[in-house]
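Let's get to know a new structure together, one question at a time. Have a look at it first.

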Amino acid sequence: MTDREITLTVNGREYTRTTEPRLLLSDFLRHDLGLTGTHVGCEHGVCGACTVLLDGVAVRACLTFAVQAHGHAVGTVEGLASDPADLHPLQQAFWESHGLQCGFCTPGFLMTLIPFLDENPDPTEDEIRAALSGNLCRCTGYQNIVEAVRLAAARRRLDVRVGA
Amino acid sequence: MNPPMFGARHKRNEDPRLLTGQAQFVDDVRLPDALHVAFKRSDYAHARLLNVEVAAARAMPGVVAVYTAADLGEFWQPSPLLVPPPPTQHIVFNGRTAGQLARDKVRFVGEPVVMIVATSRYVAEDAAELVEIDYAPLPAVVDLEAALDPGAPLVHEDVGSNMAAHVIQRKGDYTAAQAEAAVTIRRRFLYDRGTAAPMEGRGVVAQWDALARHLTVWDSTQAPIPIRNGLARMLGLSERQVRVVAPFVGGGFGPKIMMFYPEETLVPWAAMQLNRPVKWIEDRLENFVAMTHERGQVHDSEIALTADGLILGVKDVFLHDTGAYDPYGLTVPLNTQCTLLGPYVIPHYYTEFKAVFTNKTIVTPYRGAGRQHGVFVIERLLDLAARELGLDVAEIRRRNLIPPDAFPYNNGIIFQDFTTLTYDSGNYAPVLDKTLAMIGWDRFEQEEGPRLRAGGQKVGIGLVMYVEGTGIGPYEGARIQIEPSGKVTVVTGVGTQGQGHYTVFAQIAAEVLGVALADVFVSTGDTGQFNWGTGTFASRGAVVAGSAVHEAALLVRAKAIKLAAEALETDEANVELVGGYAQVRGVATARVSLAELAGRANPLRGAVRPGTEPGLEATAYFGPPMGATAMGAHAMIVAVDPETYNLKIHKYVAVHDCGRVINPLLVEGQVQGGIAQGIGNAFYEQLIYDESGQLLNASFMDYLLPTAGDVPHIDIGHEETPSPLNPLGVKGAGEAGAIPVGPLFAQALEYALADTGIEICEIPLSPSRLWELVEAARAAGVGPANP
């Protein structure tokens with residue numbers, strides 16, 4: 001198939017690129033745009049490491065063609081914090097809770113959880129575990145990830161109450 | 001006062017980069033003009049290679065090079081034998097390692113046959129589709145017992161059989177001991193294959209600088225320094241011409257230390273041949289078949305006991321599946337032999353194994369590295385003996401524990417590090433007591449269990465114990481420098497795969513040097529930074545490299561104090577290091593900063609006294625005489641759904657003694673993660689091969705890793721029995737969690753399903769396998785068992 005020109009925004013910035021129709025969004029983000037924070041763990045849509053936001057919805061970048069993102073807004077882990085010294089509250093909670101070890105799966109977990117916490121500001125542990133069940137982590141045993149989500153949710157509710 | 005370092009729950013220095021997507025993994029190395037590799041791998045488990053036709057692939061636009069074994073010329077060579085057998089008598093060992101690309105014959109599905117280098121991975125995979133290989137299929141060697149039958153097809157014809165090794169070890173006289181036994185239990189135990197499945201597969205990027213004549217290789221390896229040394233040798237370069245970097249590695253768990261994978265030598269070689277950067281990133285399908293596996297063993301075991309339940313002896317004869325080649329020697333089955341002894345007094349022990357070549361993926365250590373199997377055998381034998389003798393499972397274990405005054409405890413057989421297996425220190429009964437208390441054993445037995453069972457729930461409780469040989473030699477090293485900025489760098493050769501080395505090594509150095517944790521920069525896994533070392537395996541990073549960091553920090557501290565004493569005009573004994581300063585003890589006004597001292601230690605002008613080394617820098621090495629023995633106990637309460645045989649783990653407790661704890665936050669994370677892998681191994685994960693040697697479930701849709709819905713909350717307790725073998729008193733913690741989970745599941749599920757009378761002598765289990773066992777027991781007319 002012939003190459004296509006696509007235009008999309010990634011983390012608020014607009015990009016126009018010419019691309020093969022078969023190019024995966026994960027490869028497009030990583031190789032064409034250099035946004036290597038999105039990781040590729042299985043390339044068959046199970047592990048969730050490549051999760052990104054497409055118009056605010058968590059999707060698997062390895063099951064999405066770059067051309068499908070034409071005209072849409074993509075969010076990646078690089079969009080959560082511009083600097084390691086200025087972490088997003090969810091990232092801060094992962095840090096404090098030791099919610100990562102090798103860290104390879106972590107960007108996918110974060111991007112899964114961003115819309116989840118928007119929709120579920122006060123989740124139960126069962127709801128958190130259900131939300132995490134589409135992302136595989138081989139290092140942590142999930143316990144500290146669950147703790148991180150609880151911590152992030154609690155702080156967020158506190159911020160909402162005090163109007164921060 | 002300096003803030004506490006050792007033993008404090010410091011969050012990790014490395015996390016902000018990982019959390020923001022700014023940590024570099026191998027696939028994140030992006031080099032201009034880079035080429036990409038795909039491999040055409042064998043579709044057959046066992047076949048002669050009649051013809052490999054690559055003309056169409058070579059002709060495809062975008063393809064730069066296509067290599068078969070014949071194209072490698074003199075570079076084609078069998079991989080070195082990574083771990084030779086122990087230098088003891090009466091060991092049969094047939095070492096066979098693979099060349100980089102198969103020639104003449106393929107021996108497992110996934111063995112690389114053709115390497116394609118192209119302008120993109122997409123093009124390289126397209127070209128791989130055009131490769132035509134003419135195979136003459138041979139019958140596959142799959143079953144371990146059938147493999148040793150006379151007349152079985154041979155994986156390596158020149159060996160003359162499929163026996164890769166035969167090892168017998170003895171302690172005492174089992175036969176005589178068994179003759180005195182009141183009770184002897186005999187069973188066959190099965191432990192099937194699984195895979196480590198790190199979330200990041202393997203990957204190699206290589207760049208040859210033809211003008212500088214220097215090769216840089218980024219490799220997701222656990223052992224960058226041995227990789228560097230071997231690459232230099234194979235490529236005809238000086239070790240100083242090769243730099244291997246293991247950047248952030250997305251999980252290792254053992255298989256990323258298999259030197260050498262074919263891809264690890266071919267990618268750097270191709271980069272030199274083509275004078276362009278070359279990258280290969282393993283995809284998940286490749287990872288399932290081409291990254292090493294673990295765990296296939298068949299045990300015929302027996303235990304002899306007195307009427308009081310004291311162990312007289314154990315006999316264990318097993319087959320170990322080593323796969324198509326055995327580059328890692330006997331590490332895994334030796335671990336099995338040694339770890340079977342557990343925390344128990346076993347006066348007489350006969351252990352014999354045969355390692356067997358099969359037409360399956362190579363077996364090398366994966367987290368636990370054979371220890372699981374041994375623990376499964378001894379723990380199951382004790383459970384069966386307890387039932388026979390009418391003893392409680394905790395009581396039979398308690399009666400047999402090695403007493404605290406018996407250490408160091410010599411087990412009289414050879415361990416994987418070729419030393420005599422000796423437990424350095426231990427105090428086991430408190431671990432058992434704490435585990436029973438934390439799980440609520442008595443409450444479950446007296447109230448909770450009967451109440452839940454009366455309500456129709458199939459609920460059970462279990463308790464298992466284990467020891468783990470950790471922290472083996474030979475050595476690691478570290479170099480520490482206080483820089484003119486006052487900040488500290490710690491450099492070591494071990495690689496890191498998520499254990500938190502950037503933090504624990506910083507804690508060790510910060511404590512000795514009196515600086516803030518954030519002011520310690522740690523470099524690991526870069527041979528350009530440190531020249532000597534072996535790697536990250538056998539739960540040894542904190543023990544061996546950590547001790548080297550400690551020794552180096554002490555040397556730097558002495559240098560700093562010597563200079564400070566001169567500057568402050570006081571005795572060295574009066575100087576302390578606090579908050580980045582050297583000060584007269586207790587007098588915060590009389591001080592000089594470490595930054596200032598670092599400057600004075602490296603003057604640009606003036607005379608330096610003879611014998612003085614520049615800088616506040618020191619290098620130290622540490623090699624323990626033998627491994628440090630960690631131990632622990634796990635317990636759980638589990639309910640089985642009578643319709644689906646799915647599980648609900650109500651409570652899981654792990655009590656762990658890994659000596660002094662450097663960072664409890666990180667140790668707990670290691671234990672939790674290990675248990676999650678153990679749960680996968682016990683109940684979800686099994687590599688299924690058919691009789692032709694095809695792996696039937698090589699995807700995450702078919703091979704089930706545990707999810708957040710499967711792994712319960714885990715309560716962790718610590719006991720601390722320091723190791724006398726290193727200055728920190730630490731023992732390894734990385735593998736412990738994964739080791740005893742199989743027998744714990746078996747025991748607790750037998751309890752929960754006691755009304756069916758099933759006996760569980762195999763791992764992995766699954767809901768359908770549990771159902772089969774229950775149906776088989778029903779058909780055989782087995783009655784209910786006493787839980």
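The questions and answers below walk through domains, a helix, a core and a chain interface.

Q: How are residues, chains and ligands labelled, and what kind of model is this?
A: Residues are numbered from 1 along each chain as its sequence is written, while chains are lettered from A and ligands numbered from 1 in the order in which they are written. Local features need pLDDT of at least 70, side-chain atom pairs count only at pLDDT 80 or more, and totals for chains, interfaces and linings use all residues, for this is a predicted model.

Q: Which strand of chain A gives the largest share of the side of domain 1 that touches domain 2?
A: Chain A is divided into domain 1 (4-79) and domain 2 (89-162), with bounds from an automatic or database domain assignment. Here 17 residues of domain 1 of chain A are in contact with twelve residues of domain 2 of chain A, contact being two C-beta atoms, placed from the backbone, within 7 Å. Strand 3 (51-54) and strand 4 (57-60) of chain A each supply at least two residues of that side of domain 1; helices (H or I, at least four residues) and strands (E, at least two) are DSSP runs, numbered from the N terminus. The largest share, three residues, comes from strand 3 of chain A.

Q: Which helix of chain A gives the most to the side that touches chain B?
A: Between the chains, 41 residues of chain A are in contact with 42 residues of chain B. Two or more residues each come from helix 2 (89-96), helix 3 (106-119), helix 4 (125-132) and helix 5 (143-162) of chain A. With four residues, the one that gives the most is helix 2 of chain A.

Q: Is Leu110(A) buried or exposed?
A: Leu110(A) is found in helix 3 of chain A. Leaving aside neighbours within four places in sequence, Leu110(A) is in contact with Val77(A), Leu80(A), Leu90(A) and Gln91(A). A residue is buried if 20 or more other C-beta atoms, placed from the backbone, lie within 10 Å of its own, exposed if 12 or fewer, and partly exposed in between. Because Leu110(A) has 27 C-beta neighbours inside 10 Å, it counts as buried.

Q: Why do the buried residues of helix 12 of chain B lie on the same side?
A: Helix 12 of chain B spans residues 428-439, and its buried residues are Tyr428(B), Val431(B), Leu432(B), Thr435(B) and Ile439(B). An α-helix has 3.6 residues a turn, so residues three or four places apart point the same way. The arc is taken from the directions from the helix axis to the C-beta atoms. The buried residues of helix 12 of chain B are on the same side because they cover an arc of only 100 degrees.

Q: Which helix gives the most to the largest nonpolar core?
A: A nonpolar core is a set of buried Ala, Val, Leu, Ile, Met, Phe, Trp, Tyr and Cys residues joined through C-beta atoms within 7 Å. The largest one has 307 residues, and Val114(B) is among those that touch the most other members. With 13 residues, the helix that gives the most is helix 15 (residues 541-568) of chain B.

Q: How far apart do the C-alpha centres of domain 2 and domain 3 of chain B lie?
A: In chain B, domain 2 covers 297-472 + 625-779 and domain 3 covers 473-622. Here 20 residues of domain 2 of chain B are in contact with 18 residues of domain 3 of chain B. Their C-alpha centres lie apart by 40 Å.

Terms used: Expected span 1.5 Å × (residues − 1).
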